Amino acid sequence: MTDHWFDDAAGPVVRPYAMTRGRTRSSVVAAQLDLIALVLSDEPGDGGADDAEGPPTEDALLADHSLAPEHLDIVLRCRRSALSVAELAAELDLPVGVVRVLIGDLLEAGLVRVTRPVPPAELPDESILREVINGLRAL
């Protein structure tokens, strides 16, 4: 005999393409959304947003019916602390591609901002760091 899933036993089943409305890419440049790029959302009243009113409150976000529940989860999680794209995907239990599309939507709406990691070419060379350490030890 085979087990069949019925209603609640199946759990929440939403296909990733339904969350992104069939999109596989956002209009945001994909290079900006590296796995280690940090996603930030400002707390209401901290003056971090570009507009004069500041970022929307949680009640205002919940009242905005254009945002999916996953969008709200991202904004609220990023208000507590900055999270990387990979961390968000893991915490939301969603594929990284879906999270990138959702973050792109939030970037377009001005609800989050992304800080890109320092490119490896701009990082200081290891020999320079060793010379600095040796110089500090010599003091």
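Biologist: Which residues meet where H3 and H4 come together?

Modeller: Asp73, Ile74, Arg77 and Cys78 come from H3. Leu88, Glu91 and Leu92 come from H4. By class, that contact has four nonpolar, no polar and three charged residues. Bear in mind that this is a predicted model.

Biologist: What makes H3 oblique to H4?

Modeller: The helices, H3 and H4 (residues 85-92), pack at an angle of about 120°, and their axes are 11 Å apart. Angles of 65 to 115 degrees count as roughly perpendicular, and over 145 as roughly antiparallel. The angle of about 120° falls in neither range, so H3 is oblique to H4.

Biologist: What is the hand of the crossing where H3 passes H4?

Modeller: H3 passes H4 in a right-handed crossing.

Biologist: How do you know that Leu92 is buried?

Modeller: Its relative accessible area is 15%. The cut-off for buried is under 20%, so Leu92 qualifies. Leu92 sits in helix H4.

Biologist: What does Leu92 touch, not counting residues up to four places away in sequence?

Modeller: Leu92 touches Asp73, Ile74 and Arg77. Take Ile74: it is 18 residues from Leu92 in sequence, and the two are 8.2 Å apart in space, C-alpha to C-alpha.

Biologist: Is Asp93 buried or exposed?

Modeller: Asp93 is exposed. Its relative accessible area is 69%, and exposed means over 50%, so the label follows. Asp93 lies in the loop between H4 and H5.

Biologist: What is the phi of Asp93?

Modeller: Asp93 has a positive phi of about 55°, although it is not a glycine. Most residues other than glycine have a negative phi.

Biologist: Now to H5. Why are H4 and H5 called roughly perpendicular to each other?

Modeller: H4 and H5 pack at an angle of about 110°, with 9 Å between their axes. The range for roughly perpendicular is 65 to 115 degrees. The angle of about 110° lies in that range, so H4 and H5 are roughly perpendicular.

Biologist: What is the hand of the crossing of H4 and H5, and which residues meet there?

Modeller: The crossing of H4 and H5 is right-handed. Val85, Leu88 and Ala89 in H4 meet Val96, Val99, Arg100 and Ile103 in H5. These divide into six nonpolar, no polar and one charged.

Biologist: What makes H3 roughly perpendicular to H5?

Modeller: H3 (residues 69-80) and H5 (residues 96-109) pack at an angle of about 75°, with their axes 10 Å apart. Set that against 65 to 115 degrees. The angle of about 75° fits, so H3 is roughly perpendicular to H5.

Biologist: Which residues make the contact of H3 and H5?

Modeller: H3 gives Glu70, His71, Ile74 and Val75. H5 gives Leu102, Ile103, Asp105 and Leu106. The residues of this contact divide into five nonpolar, one polar and two charged.

Biologist: Why does His71 count as buried?

Modeller: His71 has 2% relative accessibility. Buried means under 20%, so His71 is counted as buried. His71 is in helix H3. Leaving aside its neighbours within four places in sequence, His71 is in contact with Leu102, Asp105 and Leu106.

Biologist: What is the strand order in the open sheet?

Modeller: The order is E2-E1-E3, with antiparallel pairing. The sheet has three strands.

Biologist: Why do E2 and E3 stand at the edges?

Modeller: Strand E2 (83-84) and strand E3 (113-115) each have a single partner strand, so one side of each is left without a neighbour in the sheet.

Biologist: How do you know that E1 and E2 pair?

Modeller: Strand E1 (residues 38-40) and E2 share two bridges, in the antiparallel sense. A pair needs at least two bridges, so E1 and E2 meet the requirement. Val39 stands opposite Leu83 in E2.

Biologist: How many helices and strands does the chain have?

Modeller: The chain has six helices and three strands. From the N terminus on, the elements run α-β-α-α-β-α-α-β-α.

Biologist: What share of the residues of the chain count as buried?

Modeller: Of the 139 residues, 29% count as buried. For contacts between residues at least 6 apart in sequence, 67% join residues at least 24 apart.

How values were computed:
Residues are numbered from 1 along each chain as its sequence is written. This is a predicted model: local features need pLDDT of at least 70, side-chain atom pairs count only at pLDDT 80 or more; totals for chains, interfaces and linings use all residues. Side-chain values use heavy atoms; hydrogens and water are left out. Axes are lines fitted to C-alpha atoms, for helices over the stretch in contact, and angles run from 0 to 180 degrees between N-to-C directions. Helices (H or I, at least four residues) and strands (E, at least two) are DSSP runs, numbered from the N terminus. Angles under 35 degrees count as roughly parallel, over 145 as roughly antiparallel, 65 to 115 as roughly perpendicular and the rest as oblique. Contact means heavy atoms within 4.5 Å. Ala, Val, Leu, Ile, Met, Phe, Trp, Tyr, Cys and Pro count as nonpolar, Asp, Glu, Lys and Arg as charged, and the others, Gly among them, as polar. A crossing is left-handed if the near helix is turned anticlockwise from the far one by less than a right angle, and right-handed if clockwise. Buried means under 20% relative accessible area, exposed over 50%, partly exposed in between (1.4 Å probe, protein chains only).
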